[in-house]
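User: I would like to go through this model and ask what stands behind each label. Short replies, please.

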There are 2 protein chains.
Amino acid sequence: MSKTHTRPRVVIVGAGFAGLECARALRGSNANVVVIDRRNHHLFQPLLYQVATAALSPSSVAAPIRKVFRRQRNCSVLMGEVESIDTQAGFVGIDERQEPFDYLVLACGMTHNYFGNEQWQAVAPGLKNIEEAIEIRRRVLMSFELAELEPDERARRSLLTFVIVGGGPTGVELAGAIAEIATQSIPRDFRRVDTRQTRVVLVEGGDRLLAAYHPELSSRAERDLVALGVEVLLGDRVSEIDEAGVTVGKADGATRIESRCVIWAAGLKGEPLASSLNIELTSDGRVAVEADLSVPGHDRIFVVGDLMAHEDPKSGEPVPGVAQGAMQSGRFVGRIIASELEGRPSGERGAFHYHDKGSMATIGRAKAVAEIGSWRFGGLFAWMLWSIVHVAFLVGFRNKLIAMFQWAYLYTFWSRGSRLITGTCTTGKGDALG
Amino acid sequence: MSKTHTRPRVVIVGAGFAGLECARALRGSNANVVVIDRRNHHLFQPLLYQVATAALSPSSVAAPIRKVFRRQRNCSVLMGEVESIDTQAGFVGIDERQEPFDYLVLACGMTHNYFGNEQWQAVAPGLKNIEEAIEIRRRVLMSFELAELEPDERARRSLLTFVIVGGGPTGVELAGAIAEIATQSIPRDFRRVDTRQTRVVLVEGGDRLLAAYHPELSSRAERDLVALGVEVLLGDRVSEIDEAGVTVGKADGATRIESRCVIWAAGLKGEPLASSLNIELTSDGRVAVEADLSVPGHDRIFVVGDLMAHEDPKSGEPVPGVAQGAMQSGRFVGRIIASELEGRPSGERGAFHYHDKGSMATIGRAKAVAEIGSWRFGGLFAWMLWSIVHVAFLVGFRNKLIAMFQWAYLYTFWSRGSRLITGTCTTGKGDALG
């Protein structure tokens, strides 16, 4: 690569946990770091479900990327969508512009995977960004509004039925939160309809919830959800989703659940940009990286975070798609680049090891599950730990304070502070009421 | 009106200040109160410009209407758009449904008035609801993002030029806030562009800002804005707005201002629903009411808030379209209805008198103007008073706390907490970057 930069250019695509940590690790280096994201904000994904369920306002879980890097003078931020990668000439294409790189770090994450049923996206949105969270919040709150107006009993029941597809952390957290809205936050706000009769159905194709956790925690989460009134369907696959509901079924017969609000939390695949690398991707569109997280055949192009497919050489386990894995891999690559810019030969990179610091998922007020090493527990203590860890990692001091305040209020008064229905209605009758 | 209600039905259309106060005044009466609004939230309009300028999050200035009336058991809330009024049979039409009324109170306010140039709406949005505030915030923040990417000097200048049309309180507050964003909140976040070179132009057709205030305060506001770097054009009328900018001119010649972000704060007209009354409206689409705020010829239909056109019989002055006028008129009508339901004859209604408790507008940090009776003042004290009064009237205890916290943070660190660009891009180049 022969370019006329005065300082080597490190382009990082994506300002999630992985991209942020990578750029931070290059602070103080002589690199010219360019962070490119299609949005102006870093999103704290683990709390996004709380925006979708009206507990937190969108700005509490987002931090302007520019502000994050305000003091890192060797880092500039570009808002734009990277559409192509020229691995030979060393450019990424944004719009009509080209941004040259000496090192490229892809940290652009995952998008929803509807496994060939892309038409389901319109009726069953997923939860990966602020717009989707606001749309899900709109649909959930709108269902209660429409139920209040609906004279027909069957139609009202279908408006008060929520189906969440996918029993991972996002599905579990959404199901618990919607059940709490219906039974705790809003019953006294409605005059005609009894929101406590709301049905929340969580559909999981596997044989247990939270498949990535120890089975003990899966049972605990299931018990806690059932106590909140959630119906948990295990081993059930969704065969059809349309505006009127969901068809789920085992091999021996299908069941129809009438619902006007279906949420997709069942699968993810790598961002399509990965295909610009012109190498073979995994079946879910991710990049199988080398031990040093570089792309096979391109030692100055790395993939970090959820988009990388990587088995830890020690444990043989795949690195999970969680914030910790993203942060650690981003930091690892940032340090490699920093030391090579100081002259270390690329043969000395070493291999990435993932340190599992534990996993947590929350189910409701004072209900969560956690595992740290071989230590597994649930209940109030897990929930307090979950709260502390999530606030501690929330980017931006101001966001931490606001989130804590909103939670204190929510958990004391069951009062959800962001019950806003905004945006254009996209489903059925809602159009007239937007 | 012969209906088979057990209790008389009072339908209130619109849950702004006027509608809310009217419904509250009926608490404890034997009326069956139905509040209908096309949105699920009451909006605290006086602070909406702070959402548009990223200082407050949308949920801080909005309160769910259902929650406001949670404890008022004789009040139910319907989310829906009233499309027609049958004044004879006593029904309002929502969608395919009909809601009967014994008393009807129209409190649906005003919408933007482009004075026949409706095509300007797409390029110069106004500020009346949350969606519009988010759209203006998106455009303002996006202009800086695009400027950072723009290599062409002239195009960059047009991206860094903001034009606000209309020198009333909203226009003054927006202009001051955008100037503060550019000079205080974000300069260190950008690497290529100097946001302090931003041009903010406030165009007012009349000969002074804040025409409804005393001329002394108009001069004070103008001085304060100029000190913040705002260009104030007085006696200039806008003759054209398009995607590339604004043409302003006096009779003796027109000037072109190239700008990619124009905001309309120049005029309002009554909500179109008023035409369903089948009476002659004022030139700006409002309803000229009787002394008791009833509609001529319909003694059980009232108009309150901004939608009413009414001259105070004592002062001969028109009641201004401000929160105080809305609240007082709503309360006045609520009390009339409550006492008639207790048997008072309708001949004893009396006439509505507006009590002017004072007016205020804020220009920037520690800068505001206020008048209370014949007492006029500006500066830090006016600004503190403005802050206290606005927080005190903000609906919902939680909103008050959050807003105070967000302000404390903003005014201490110049840090705007809601710098989120969300939603679909609707203008030019933004499309590629949304």
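User: How many helices and strands are there in chain A?

Analyst: This is a predicted model. Chain A has 12 helices and 25 strands.

User: What makes the radius of gyration of chain A agree with a compact globule?

Analyst: The rule is 2.2 Å times the number of residues to the power 0.38. For 434 residues that puts a compact globule near 22 Å, and chain A has 23 Å, so the two agree. The C-alpha trace spans about 70 × 50 × 45 Å along its principal axes. Of the 434 residues, 52% count as buried. Take the contacts in chain A between residues at least 6 apart in sequence: 64% of them join residues at least 24 apart.

User: Why is Gly116(A) called exposed or buried?

Analyst: A residue is exposed if 12 or fewer other C-beta atoms lie within 10 Å of its own. Gly116(A) has 7, so it is exposed. Gly116(A) sits in the loop between strand E10 (110–112) and helix H4 (120–123) of chain A. Its C-alpha atom is 41 Å from that of Arg192(A), 76 residues apart along the chain.

User: And what class does Phe190(A) get, and why?

Analyst: The buried class starts at 20 C-beta atoms within 10 Å, and the exposed class ends at 12. Phe190(A) has 18 others within 10 Å, so it is partly exposed. Its place is the loop between helix H7 (169–185) and strand E12 (199–204) of chain A.

User: Which residues are in contact with Phe190(A), leaving aside its neighbours within four places in sequence?

Analyst: Phe144(A), Glu148(A), Thr195(A) and Arg66(B). Contact here stands for C-beta atoms within 7 Å. Leu104(A) is another matter: its C-alpha atom and that of Phe190(A) are separated by 54 Å, with their places 86 residues apart along the chain.

User: How do you know that the span of helix H9 of chain A agrees with its number of residues?

Analyst: The expected span is 1.5 Å times one less than the number of residues. H9(A), residues 323–341, has 19 residues and should therefore span 27 Å; its end C-alpha atoms are 27 Å apart, which agrees. H9(A) is followed by Gly343(A), which has a positive phi near 110 degrees.

User: Which residues of H9(A) are buried, and what do they pack against?

Analyst: The buried residues include Ala323(A), Met327(A), Phe332(A), Val333(A), Ile336(A) and Ile337(A). Glycines are also among them, including Gly325(A), Gly330(A) and Gly334(A). The buried residues of H9(A) pack against helix H1 (17–25) and strands E1 (9–13), E9 (103–106), E21 (298–303) and E22 (308–309) of chain A.

User: What about helix H8 of chain A: what span is expected, and what does it reach?

Analyst: H8(A), residues 215–227, has 13 residues. It reaches 18 Å from its first C-alpha to its last, close to the 18 Å expected at 1.5 Å a residue. Its buried residues include Leu217(A), Ala221(A) and Leu225(A), and charged ones such as Arg220(A), Glu222(A) and Asp224(A). The buried residues pack against H7, E12, strand E13 (230–234), strand E23 (359–364), strand E24 (367–372) and strand E25 (375–378) of chain A. Gly229(A) follows H8(A), with a positive phi near 100 degrees.

User: What are the domains of chain A, and how many residues of each are in contact?

Analyst: The domain assignment gives domain 1 (9–38 + 80–112 + 268–348) and domain 2 (124–266 + 359–424). Their centres, taken over C-alpha atoms, are separated by 32 Å. Four residues of domain 1 are in contact with five residues of domain 2. The domain 1 side has two nonpolar, two polar and no charged residues.

User: How do you know that the two copies are related as by a two-fold axis?

Analyst: A rotation of 180 degrees superposes chain B on chain A, with 0.0 Å of shift along its axis and an RMSD of 0.0 Å. The copies are therefore related as by a two-fold rotation axis. The same surface serves both: 98% of the contact residues of chain B recur in chain A.

User: What makes up the side of chain B that touches chain A?

Analyst: 42 residues of chain B are in contact with 41 residues of chain A. Among the elements of chain B that each supply at least two residues are helix H5 (130–149), helix H11 (397–413) and strand E5 (75–79). By class, this side has 17 nonpolar, 11 polar and 14 charged residues.

Definitions and conventions:
Residues are numbered from 1 along each chain as its sequence is written. Chains are lettered from A and ligands numbered from 1 in the order in which they are written. This is a predicted model: local features need pLDDT of at least 70, side-chain atom pairs count only at pLDDT 80 or more; totals for chains, interfaces and linings use all residues. Copies are superposed by least squares on the C-alpha atoms of residues with pLDDT of at least 70 in both. Two residues are in contact if their C-beta atoms, placed from the backbone, lie within 7 Å. Helices (H or I, at least four residues) and strands (E, at least two) are DSSP runs, numbered from the N terminus. Domain bounds come from an automatic or database domain assignment.
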